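Please open the structure in your viewer and keep the sequence beside it, so that each selection can be found in both places. The tour moves from one selection to the next and pauses at each stop.

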Amino acid sequence: RTRRRRCDSPAPMFGGAECPDRGSQVEACDLANSCTVDGQWGAWAPWTACSETCNAGEQRRERECDSPQPQHGGDYCQGRATLVRSCFLRNCPVDGEWSLWSPWTPCSETCGDGSRTRARSCSSP
């Protein structure tokens with residue numbers, strides 16, 4: 001800012017000297033604290049580990065509105081602060097289970113001692 005004054009109280013007369021120093025002053029002023037600053041996104045953080053060790057999971061990464069952060073009424077950053085994506089590391093192991101028994105076969109003999117069989121397989125689920 002600047003201010004000025006005149007050498008007129010009284011003005012020099014009859015060979016009197018001019019006023020000493022200058023008739024104006026300049027002073028620096030800091031208005032930076034009154035300027036709005038819109039926020040800007042910082043860098044994305046690395047992706048997190050997959051949320052599951054097998055089959056489908058998700059990963060996330062985030063960023064902050066801090067480069068710079070909004071100040072003095074400035075706008076917050078536009079867009080997403082978090083990204084999510086799916087991940088798949090491997091299939092989960094599946095334990096086999098016995099199926100139901102098949103029906104019995106007819107007896108191998110029509111009289112006396114014989115045998116019959118039935119089967120099942122390790123395939124369920």
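What follows is a walk through selected side chains and backbone features of a predicted model.

**First stop: the disulfides**

Begin by selecting the cysteines, since the structure holds three disulfides. A disulfide is a covalent bond between the sulfur atoms of two cysteines.

Select C50 and C87, which are joined by a disulfide with a sulfur-to-sulfur distance of 2.0 Å. The torsion about their S-S bond is about 85 degrees, so this disulfide is right-handed. If you follow the chain, you will find C50 in the loop between strand 2 (24-26) and strand 3 (56-62), while C87 belongs to strand 4 (residues 82-88), so that the pair links distant parts of the chain, 37 residues apart. Both C50 and C87 are buried.

Next, select C54 and C92, whose sulfur atoms lie 1.8 Å apart in a disulfide. The link of C54 and C92 is right-handed, with 90 degrees about the S-S bond. Because C54 is in the loop between strand 2 and strand 3 and C92 is in the loop between strand 4 and strand 5 (97-98), the pair ties together parts that are 38 residues apart in sequence. Is each of these two cysteines buried or partly exposed? C54 counts as buried because its relative accessibility is 14%, whereas C92, at 23%, counts as partly exposed; the cut-off that separates the two cases is 20%, since buried means under that value.

Then select C65 and C77, which form a disulfide with their sulfur atoms 2.1 Å apart. The torsion about the S-S bond of C65 and C77 is about 85 degrees, and the disulfide is therefore right-handed. C65 and C77 both lie in the loop between strand 3 and strand 4, so the pair ties together parts that are twelve residues apart in sequence. Both of these cysteines, C65 and C77, are buried.

Before leaving the cysteines, select C107 and look for the closest cysteine sulfur, which is in C111. The sulfur of C107 is 9.6 Å from that of C111, which is too far for a bond. C107 is partly exposed, with a relative accessible area of 43%.

**Second stop: the aromatic rings and the charges over them**

Select W41 and Y76, and turn the view until you can see both rings. A pair of aromatic rings is described by the distance of the centres and the angle of the planes. Here the search arrives at a count of one aromatic pair. The ring centres of W41 and Y76 are 6.2 Å apart and their planes meet at 85 degrees, so the pair is edge-to-face. W41 lies in the loop between strand 2 and strand 3 and Y76 in the loop between strand 3 and strand 4, so the pair ties together parts that are 35 residues apart in sequence. With a relative accessible area of 18%, W41 is buried, whereas Y76, with 51%, is exposed.

Now add R85 and W47 to the selection, where R85 lies over the face of W47 at 4.0 Å from the ring centre. After that, select R120 and W98, where the charged end of R120 sits over the ring of W98, 4.5 Å from its centre.

**Third stop: the salt bridge**

How many salt bridges does a search of the whole structure find? The search finds one, and you can display it by selecting R60 and E58, whose side chains meet at 3.3 Å, N to O. R60 is partly exposed, with a relative accessible area of 36%, and E58 also counts as partly exposed, at 36% relative accessibility.

**Last stop: the backbone**

Show the backbone and select S67 and P68, which are joined by a cis peptide bond with omega at about 0 degrees. P68 is found in the loop between strand 3 and strand 4.

In that loop between strand 3 and strand 4, also select H72. The phi of H72 is near 55 degrees, a positive value in a residue other than glycine, and H72 counts as partly exposed at 38% relative accessibility.

Finish at N55, in the loop between strand 2 and strand 3. The phi of N55 is near 60 degrees, again a positive value in a residue other than glycine, and N55 is partly exposed, with a relative accessible area of 34%.

Technical notes
Residues numbered from 1 in each chain as written. Predicted model: local features only at pLDDT ≥ 70, side-chain atom pairs only at ≥ 80, totals over all residues. Heavy atoms only, no water. Salt bridge = Lys/Arg side-chain N within 4 Å of Asp/Glu carboxyl O. Buried < 20%, exposed > 50% of the residue type's maximum accessible area, 1.4 Å probe, protein only. Disulfide = S-S within 2.5 Å. Helix = DSSP H or I, 4+ residues; strand = E, 2+ residues; numbered from the N terminus. Phe/Tyr/Trp six-rings, centres within 6.5 Å; stacked < 30°, edge-to-face > 60°. Lys NZ or Arg CZ within 6 Å of the ring centre and 35° of its normal.
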